[in-house]
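Here's a quick briefing on how this structure is packed. Have a look at the sequence and the model first.

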Amino acid sequence: MKKEEFLLGLEDVLQREEAVKENDILDDYDEWDSLSKMAVMAYYDKNFGVKITLNQMKDIHLVKDLINLAGDNIQ
Amino acid sequence: MGLSKFKHVKIKGISTVVPEKEINIYDEAQYYGNNIKKIDRMRKIVGFYKRHVVDEGVTASDLCINAGEILLSEMNIDKDSIDALIFVVQRPDHSSPATAYYIHDKLKLSKNCMAFDIRQGCTGWVYGLYVASALIESGAAKRILLLAGDTPSSGVNPADRNVAPVFGDGGSATLLEYSDEINKSYFNITVQSNGYEAIIKPSSGYRLPFLYDESDKELTEYLTTPAGNKERLVDLHLDGIAVFDFTMNAVPSNIEDLMKHFGFNRENIDYLMLHQANKQIVQTLSSKLGFSDEKAPYYSFEAFGNQSITSIPIAISYNIQEEMQTTEKRILASGFGNGLAVASCIINTDKIYCSGIRMFKKPEDFLDRKQYIKYWKEKITN
């Protein structure tokens, strides 16, 4: 998946009206709540076959952290 | 245990009941800081919308008695022919005696019909089918009335954003019988008990009882969670992300093992009826397992909320009532929740009675809280 496509996908998963940018801080988003975290876990599982563990989720603070977790799935 | 199979058990009928009172999450905007956008997000992501909840004082036994009466009268069942009444519930009327005895009395069942409760959460309907099937297969019983229902909305603080929007109430009745001709059913029950604190009411039994002194205050004091939600020790503690994590792993593997072990695949299963935990969970699970939305419907969640033990019979009644009545069906049903546990089964049905979803009718002799207190005061003092 291209990075641009992922950022648009993330915008939809978070149900965020403003664009999601690569250098954004997730912790600053109002939408970065437990609903979104679960939605992201489901999105990664479904699209990348990547299971995000609870411990990994606690360490995610930036959009970049999410991109890194996807590994080679995002170019 | 885990995987098991029965050969001589048939489901003959299913009826379901929901309370009339409907809550729409948009009417509760005050609990979300009047942030309609947030509610829109909740609706879109997890499907929070409408739920049916009981009036104060109405219990799971009331709902299930109603469902049982509908099933017995519309199927024209002789009450004396019922060998066992099984009541699956998480929130019983009393901690003593078993609520099944109260139901037995109200339904006027025979003195030879045994009655017992099974305490389970969202796995409850499948657990009940399993126990009933085992009793029938062994020859101990020929006909069993399985009542499964719960009122997870009762006692919940409407401002509890973690729990209040999730749950709705409901009751169901299922009739199971011995069948001379072969009719197979298959079960897989798996347990991850180290997760038992993920869905728990810390003070709800004898581990942390009320002592009726000053120390009780600690049980009802509001604590603030890291997400800013208010919660007491007497409230349901729900670690949503831990449960989600468990669900995404344990449910697919339980279901895949069940299908693989007994030689089933997606094509020869007509419907995947998942516990309606929420829309997101049902959709994600069914897509992981390769079932379409048509074969694994999530629509009853948006109409009734997560109805715990009752959600699978409600999903069947809501989505495929007519098909159940007119055709043969092979259904894979899976309940998952507190324990943590997963209980799945594959059942074959052939033109069974299916009431659809009926509105609960309060019995004429129903006593509300005040009346029930008065009833007991008079009984004890006279």
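In the largest nonpolar core, which has 121 residues, B:L85, B:I144 and B:L147 touch the most other members. Such a core is a set of buried Ala, Val, Leu, Ile, Met, Phe, Trp, Tyr and Cys residues joined through C-beta atoms within 7 Å. This is a predicted model: local features need pLDDT of at least 70, side-chain atom pairs count only at pLDDT 80 or more, and totals for chains, interfaces and linings use all residues. Residues are numbered from 1 along each chain as its sequence is written, while chains are lettered from A and ligands numbered from 1 in the order in which they are written.

**The core**
- Leaving out residues up to four places away in sequence, B:L85 touches, among others, B:A100, B:I103 and B:L147; touching puts C-beta atoms, placed from the backbone, within 7 Å.

**Helix α1 of chain B**
- Helix α1 (residues 36-46; helices are DSSP runs of H or I, at least four residues, numbered from the N terminus) has B:I39, B:R41, B:M42, B:I45 and B:V46 as its buried residues.
- Seen down the axis of α1(B), those residues fall within an arc of 155° (taken from the directions from the axis to the C-beta atoms), so they line one face.
- B:I36, B:K37 and B:D40 are exposed on the other side.
- Buried means 20 or more other C-beta atoms within 10 Å of a residue's own, exposed means 12 or fewer, and partly exposed is in between, with C-beta atoms placed from the backbone.
- The buried residues of α1(B) pack against α2 (34-48) of chain A together with α7 (279-289) of chain B.

Note on methods:
Helices (H or I, at least four residues) and strands (E, at least two) are DSSP runs, numbered from the N terminus. Two residues are in contact if their C-beta atoms, placed from the backbone, lie within 7 Å.
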